[in-house]
Each structure stands twice: as structure tokens, then as C-alpha cells.
Amino acid sequence: ALFSKYCTKKLIYKKTEAMENFLENLKSLSEKINKKCVLIPTEDKYVRFISKYRKQLEKYFIFVIPDEDLCDSIMNKHLFYHLSLKHSAPVPRTYYPKLENGGIDLIAQKVEYPCIIKPVYSKEWDFASTLKAIKASNPDDLKDKYTKIIKHNNTEVIIQEIVPGKDEQQYSFCAYFNRDSQPLATFVSRKLRQDPIGF
């Protein structure tokens, strides 16, 4: 988003900055512009931010974001798994060690291998910030990696079966809708390569 030819000014949120400060900076920016601008979140953390502070932000900006509960159900991989099951959507079997009766030992016995360990919220773990998921090839490998992650990390994780397939088999549908939910622009894209490869 920062490299868009339509972007003339940049307001960057720093990880060390408190969210409340970022909120005040956004309000100040809106007041300087002196009109309601469209606010487009480009990452999950900003969707959560706008959803959390929607009552304050809607006085200053135009945006369309589901309510906080639905946002969390979409971005929290544990909640999203149950939302998918509720609507009969195909999804790989997923285990949540914190709630599983028997914990990681039981999961290690019943999950299919190879499997992956990943954070409940994307990009929110310190253990391997460059990786989206860590592969485990057998029960001992899973328990060992899970123990290391929990020891060095504050973020909750899930254990999930791997969906086989090549990177170029991933498709996305993107659309821009107006206030009346009419699509003004749509396109389908196919990935040529995923970063990191395979995930």
C-alpha cells in the first residue's frame, strides 16, 4: 500500500507505539485533511484495530468492517475452524492444544503427519517470525517443536493437517463493493509462488 502511486502521505504505525497513540494520530490526520477519507486496512492487525476502535474512528473515516466478534472469528484460526465447520466448509482437521483434553500428547497420537504448528493469529509469534507455519513429521518431532514454541512464545497455536498441493494451485477472488454492496471492480488471481514456498 505504501508504494501506491496514489499515496501522497504516509502515516506509519511503529510496533513500539501504543495503539491509543496511533488512534490519536489518525484522528489528527483526519482533522488536518478536513474531510472523511476512506480507511483501508492492509493487514489483519489493522482490521482488528479499526474493529476495536470503530465507534471513535467512524466519526473521522469511512470504512466497512464486520463487527468485532465476526472479525475475530475470521482472523483467529481456532475460531475460524469452528466457523467453517458450522457452515460445512471444507477445512483441514485442526487441534487446539489449550482446550484438547490430553493436550499435545493426545494430539500427537491422532493427527496425520506431516502436520503444521501455526499461531492462532497470523504474524503474531516470536518463535519464528519469518515463518507462517512449522512442519512436524512425527509425534516426537511435534511434541519437541511444540514445547520449544510454547517456551519461547506468548502466542497461542494450533496443530493442523497439511493440505497437499502446489503453490500455483492457490486462487483468490478480490472485489471492491460500493455502499449498496454492488461490485465496482472484481478479479481472480492465481499465485505463481508462495512465500515461504509450500505455505
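# Strands, a helix and two cysteines

Modeller: This is a predicted model. Strands β4 and β5 run antiparallel, and three bridges join them.

Colleague: What makes β4 and β5 count as paired?

Modeller: A pair of strands needs at least two bridges. β4 and β5 have three, so they count as paired. In this pairing, I116 stands opposite K135 of β5.

Colleague: Which strands form the open sheet, and in what order?

Modeller: Four strands, in the order β3-β6-β4-β5, with antiparallel pairing.

Colleague: Why do β3 and β5 stand at the edges?

Modeller: Each has a single partner strand, so one side of each is left without a neighbour in the sheet.

Colleague: Now helix α7. How do you know that its span agrees with what 14 residues should give?

Modeller: Helix α7 covers residues 139–152. At 1.5 Å a residue, the helix should span 20 Å. The C-alpha atoms at its ends are 20 Å apart, which agrees.

Colleague: Which residues of α7 are buried?

Modeller: D141, L142, Y146 and I149.

Colleague: What puts these residues on the same side of α7?

Modeller: They cover an arc of only 120° around the axis, and that places them on the same side of α7. An α-helix has 3.6 residues a turn, so residues three or four places apart point the same way.

Colleague: What covers the buried residues, and what sits on the face turned away?

Modeller: The cover includes α6, β4, β5 and β6. The face turned away from the buried side carries the exposed residues D140, K151 and H152.

Colleague: What caps the N-terminal end of α7?

Modeller: N138 does. One of its side-chain oxygens lies 3.1 Å from the backbone nitrogen of D140.

Colleague: K145 lies in α7 too. Why is K145 called partly exposed?

Modeller: Buried means under 20% and exposed means over 50%. K145 has a relative accessible area of 25%, so it is partly exposed.

Colleague: What makes the link between K145 and K135 a polar contact?

Modeller: The cut-off is 3.5 Å between N or O atoms. The backbone oxygen of K135 lies 2.7 Å from a polar atom of the K145 side chain. That is within the cut-off, so the pair qualifies. Leaving aside neighbours within four places in sequence, K145 also touches I117, I134 and A136.

Colleague: E161 lies in strand β6. Why does E161 count as buried?

Modeller: Its relative accessibility is 12%, and buried means under 20%, so E161 counts as buried. The E161 side chain also makes a polar contact with the side chain of R93, at 2.9 Å.

Colleague: How many disulfides does the structure hold?

Modeller: Zero.

Colleague: How do you know that C71 has no bond to C174?

Modeller: A disulfide needs sulfur atoms within 2.5 Å. The closest cysteine sulfur to that of C71 is in C174, 17 Å away, too far for a bond. C71 counts as buried, at 5% relative accessibility. C115 counts as buried as well, at 0%.

Colleague: What do β7 and β8 form?

Modeller: A hairpin, with five residues between the two strands. S181 in the turn has a positive phi of about 60°.

Colleague: What makes β7 and β8 a strand pair?

Modeller: They share seven bridges, in the antiparallel sense. At least two are needed, so they pair. Here F177 stands opposite P183 of β8.

Conventions. Residues are numbered from 1 along each chain as its sequence is written. This is a predicted model: local features need pLDDT of at least 70, side-chain atom pairs count only at pLDDT 80 or more; totals for chains, interfaces and linings use all residues. Side-chain values use heavy atoms; hydrogens and water are left out. The expected span of a helix is 1.5 Å times one less than its number of residues. Buried means under 20% relative accessible area, exposed over 50%, partly exposed in between (1.4 Å probe, protein chains only). The arc is that of the directions from the helix axis to the C-beta atoms. Contact means heavy atoms within 4.5 Å. A polar contact is a pair of N or O atoms within 3.5 Å; within protein, one must be able to donate a hydrogen and the other to accept it, and residues adjacent in sequence count only if both atoms are side-chain atoms.
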